[in-house]
Protein chains: 2
Amino acid sequence: MGNNTSRFEKLLVKNGLKRTVPRLQVLEILSGRDSATSQPYLEQVMGKDADRVTLYRVLQAFEEKGIIHKVLDQQGTANYAICSDGCSAHEHHDEHVHFNCDNCHKIYCLDTVKIPALKVPAGFKVAHLNLIATGLCASCSGKVN
Amino acid sequence: MGNNTSRFEKLLVKNGLKRTVPRLQVLEILSGRDSATSQPYLEQVMGKDADRVTLYRVLQAFEEKGIIHKVLDQQGTANYAICSDGCSAHEHHDEHVHFNCDNCHKIYCLDTVKIPALKVPAGFKVAHLNLIATGLCASCSGKVN
DNA sequence: CATTTTAATGCAATTATGTTGCAAATATAA
DNA sequence: TTATATTTGCAACATAATTGCATTAAAATG
């Protein structure tokens with residue numbers, strides 16, 4: 001347990017969630033990574049520490065409260081990343097670009113890149129935008145090709 | 001069978017695929033819809049006419065040949081739409097925007113809307129872009145809200 | 001601090017989803 | 001019409017996700 005613990009505990013309490021071991025574990029793992037983390041990876045890392053079902057429910061609860069957000073990769077697998085501070089259950093601000101590296105398969109949240117405005121046909125009302133770019137990330141583009 | 005049949009038969013032959021009942025059925029269903037069609041929906045409509053496995057394989061073959069393209073919706077479910085004429089096995093041109101209606105859950109391929117160019121951080125190399133907009137489609141935006 | 005209340009976990013069972021191998025059937029070529 | 005190659009459908013298997021419920025743990029209460 002790092003010194004993040006109390007920060008995470010506050011985060012849980014603030015969202016009306018009890019401060020439990022599996023929840024803190026998930027926050028710990030997600031915060032220690034520079035890219036979104038897949039459900040299968042989380043499952044593997046948690047190992048026998050937590051039941052698969054518990055993990056599903058933890059992730060679902062976090063997503064509902066706006067603590068994490070879900071990105072689907074090209075295969076449709078769910079990946080999770082901790083939301084920036086502006087997020088809440090009421091309003092998600094995850095409309096940044098996600099970058100899916102074809103080589104290392106990490107998913108980066110490019111918080112700094114804004115999705116450009118979009119012209120849609122008459123009648124359509126856009127509520128949210130979800131842009132996934134694929135290609136090579138900064139650390140892979142040097143190595144391969 | 002509508003009068004599309006011969007057109008679809010040509011399409012199959014052109015792609016080196018045999019002209020079979022389940023394949024023509026899938027093309028018939030997809031072409032009769034104005035939005036992308038989910039795998040579960042196709043399964044339901046085909047009913048006992050075709051085996052689940054056959055459907056998987058038909059869709060896979062079509063995708064490989066560039067006859068249809070796959071879009072994942074927000075739940076990660078696969079949806080399929082017939083490609084515009086420019087597509088082939090060698091080169092897919094499905095980089096248009098997909099619109100996911102929050103009300104009727106249809107997925108529209110907005111062929112006319114181009115994805116704007118994107119500035120990504122140094123080192124990142126973008127190969128493909130995949131933009132999904134959610135909101136209300138033209139026919140729903142009048143009805144609700 | 002002991003006790004009550006409420007929420008969360010873990011297990012078992014179930015359901016849904018996707019894959020593989022192979023024999024039978026069907027489409028095309030010869 | 002026959003031969004060849006592809007495609008289908010079945011069965012079995014594998015994987016992923018969901019539900020109900022008893023047990024456990026956390027916060028609230030007196």
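The paragraphs below lead through the contact between two protein chains and then through the surroundings of two DNA strands.

The model is a predicted one, in which local features need pLDDT of at least 70 and side-chain atom pairs count only at pLDDT 80 or more, while totals for chains, interfaces and linings use all residues. Residues are numbered from 1 along each chain as its sequence is written, chains are lettered from A and ligands numbered from 1 in the order in which they are written, and side-chain values use heavy atoms, with hydrogens and water left out.

A good place to begin is the meeting of the two protein chains, where 36 residues of chain B are in contact (heavy atoms within 4.5 Å) with 36 residues of chain A. The size of an interface is often given as the accessible area lost when the parts come together. Here the buried area (the accessible area, for a 1.4 Å probe, that two parts lose on being put together, summed over both) is about 2600 Å², and carbon and sulfur atoms give 68% of it. On the side of chain B, the residues that lose the most area to chain A are Leu118(B), Phe124(B) and Asn130(B), together 20% of what that side buries.

Between the two chains there are 0 salt bridges (a side-chain nitrogen of Lys or Arg within 4 Å of a carboxyl oxygen of Asp or Glu). The interface does hold 10 residue pairs in polar contact, both residues being at pLDDT 80 or more; a polar contact is a pair of N or O atoms within 3.5 Å, where within protein one must be able to donate a hydrogen and the other to accept it, and residues adjacent in sequence count only if both atoms are side-chain atoms. Among the elements (helices, H or I, of at least four residues and strands, E, of at least two, taken as DSSP runs numbered from the N terminus), β6(B) gives the most to the side of chain B that touches chain A, with 12 residues. By class, that side has 22 nonpolar (Ala, Val, Leu, Ile, Met, Phe, Trp, Tyr, Cys and Pro), 5 charged (Asp, Glu, Lys and Arg) and 9 polar residues (the others, Gly among them). Strand β6 of chain A, residues 125–136, runs antiparallel to β6(B) and is joined to it by 11 bridges (strands pair if DSSP finds at least two bridges between them), with His128(A) standing opposite Thr134(B).

Turning to the DNA, strand C is surrounded by 18 residues (each with a heavy atom within 4 Å of the strand), and the closest are Lys18(A), Arg57(A), Arg19(B), Arg52(B) and Tyr56(B). An N or O atom in the side chain of Lys18(A) is 2.8 Å from a sugar or linking oxygen of the strand, whereas a polar side-chain atom of Lys18(B) lies 3.5 Å from a base nitrogen. The side chain of Arg19(B) has an N or O atom 2.6 Å from a phosphate oxygen of strand C. The surface near this strand takes its largest share, 4 residues, from α4(B), and its residues comprise 9 charged, 6 nonpolar and 3 polar.

DNA strand D has 19 residues around it, the closest being Arg19(A), Arg52(A), Tyr56(A), Thr20(B) and Arg57(B). The side chain of Arg52(A) places an N or O atom 2.5 Å from a base nitrogen, while that of Tyr56(A) has one 2.6 Å from a phosphate oxygen.
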